[in-house]
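Reader: Hey, I've just opened this one and I'm new to it. Could you walk me through it?

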Amino acid sequence: MKKVGVFMRHMTKNHQYAWTSVHTIGMELSEIGLTIKRIRLAQEMTQEDLIERADLSRSQLYYIESGKRLPNFRTMINICMALGLTFKEFVDEWYQ
């Protein structure tokens, strides 16, 4: 089964654009968070390191890694950059 995410662009209260997951086929939210956590741990990176490098809050990272929330597109790009990966490299890891 192919993993496909569908995102919708919308304006936030602060008049900034954000991406929101509308529908996800062939995956669970927890898979993205677990992939982030697996890569972070493989790089011997602490949560604090990733929080600082990706400009996240502690609660944001908790909700993402625990699979309770899906990161928006900008946050996902920041996480990838903090992990030293392109978005494509992250997706390749996620598919494994």
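Reader: Let's start outside. How much area does the protein expose, and what share of it do carbon and sulfur atoms supply?

Author: Keep in mind that this is a predicted model. The protein exposes about 6500 Å², and 54% of that comes from carbon and sulfur atoms.

Reader: And what percentage of the residues is buried?

Author: Of the 96 residues in the protein, 31% are buried.

Reader: OK, what about helices and strands, how many of each are there?

Author: You'll find two strands and five helices. Going along the sequence, the pattern is β-β-α-α-α-α-α.

Reader: Which residues have the most contacts inside the largest nonpolar core?

Author: Those are Ile36, Leu50, Met76, Ile79, Leu83 and Phe90, in a core of 19 residues. At least two core residues come from each of α1 (29-42), α2 (47-54), α3 (58-65), α4 (73-82) and α5 (87-95).

Reader: Which helix gives the largest share of this core?

Author: That's α4, with four residues.

Reader: Say I click on Ile79. What is it in contact with, leaving aside neighbours within four places in sequence?

Author: Ile79 is in contact with Ile36, Leu50, Ala54, Leu56 and Ile64. Two of the names there, Ile36 and Leu50, are also on the list of residues with the most contacts inside the core.

Reader: Now the helix packing. At what angle do the axes of α2 and α4 cross?

Author: They cross at roughly 120°, and the axes come within 8 Å. α2 and α4 are therefore oblique to each other. Leu50, Arg53 and Ala54 of α2 make the contact with Asn78, Ile79 and Ala82 of α4.

Reader: Is that crossing left-handed or right-handed?

Author: α2 passes α4 in a right-handed crossing.

Reader: And α2 with α3, are those roughly parallel or roughly perpendicular?

Author: The axes of α2 and α3 cross at roughly 110°. Angles of 65 to 115 degrees count as roughly perpendicular, so α2 and α3 are roughly perpendicular to each other. Their axes come within 10 Å, and the crossing of α2 and α3 is right-handed.

Reader: Which residues meet there?

Author: From α2 you have Gln47, Glu48, Leu50 and Ile51, and they meet Arg58, Leu61 and Glu65 in α3.

Reader: Back to Arg53 for a sec. Is Arg53 buried or exposed?

Author: Arg53 sits in helix α2. Its relative accessibility is 54%, so Arg53 counts as exposed, the cut-off being over 50%.

Reader: So what does Arg53 touch, not counting residues up to four places away in sequence?

Author: Arg53 touches Met45 and Ala82. Also, the C-alpha atoms of Arg53 and Leu83 are separated by 8.4 Å, with the two residues 30 apart along the chain.

Reader: Different spot now: Thr35. Where does Thr35 lie, and is it buried or exposed?

Author: Thr35 lies in helix α1. Its relative accessible area is 4%, so Thr35 is buried. Not counting residues up to four places away in sequence, Thr35 touches Phe90, Glu93 and Trp94.

Reader: Last one. Among contacts between residues at least 6 apart in sequence, what percentage join residues at least 24 apart?

Author: For the protein, that comes to 47%.

Technical notes:
Residues numbered from 1 in each chain as written. Predicted model: local features only at pLDDT ≥ 70, side-chain atom pairs only at ≥ 80, totals over all residues. Heavy atoms only, no water. Buried < 20%, exposed > 50% of the residue type's maximum accessible area, 1.4 Å probe, protein only. Contact = heavy atoms within 4.5 Å. Areas by Shrake-Rupley, 256 points an atom, 1.4 Å probe, with all protein chains shown as cover. Core = buried A, V, L, I, M, F, W, Y, C linked by side-chain atoms within 4.5 Å. Axes fitted to C-alpha atoms, helices over the stretch in contact; angles between N-to-C directions. Parallel < 35°, antiparallel > 145°, perpendicular 65-115°, else oblique. Left-handed = near helix turned anticlockwise from the far one by under 90°.
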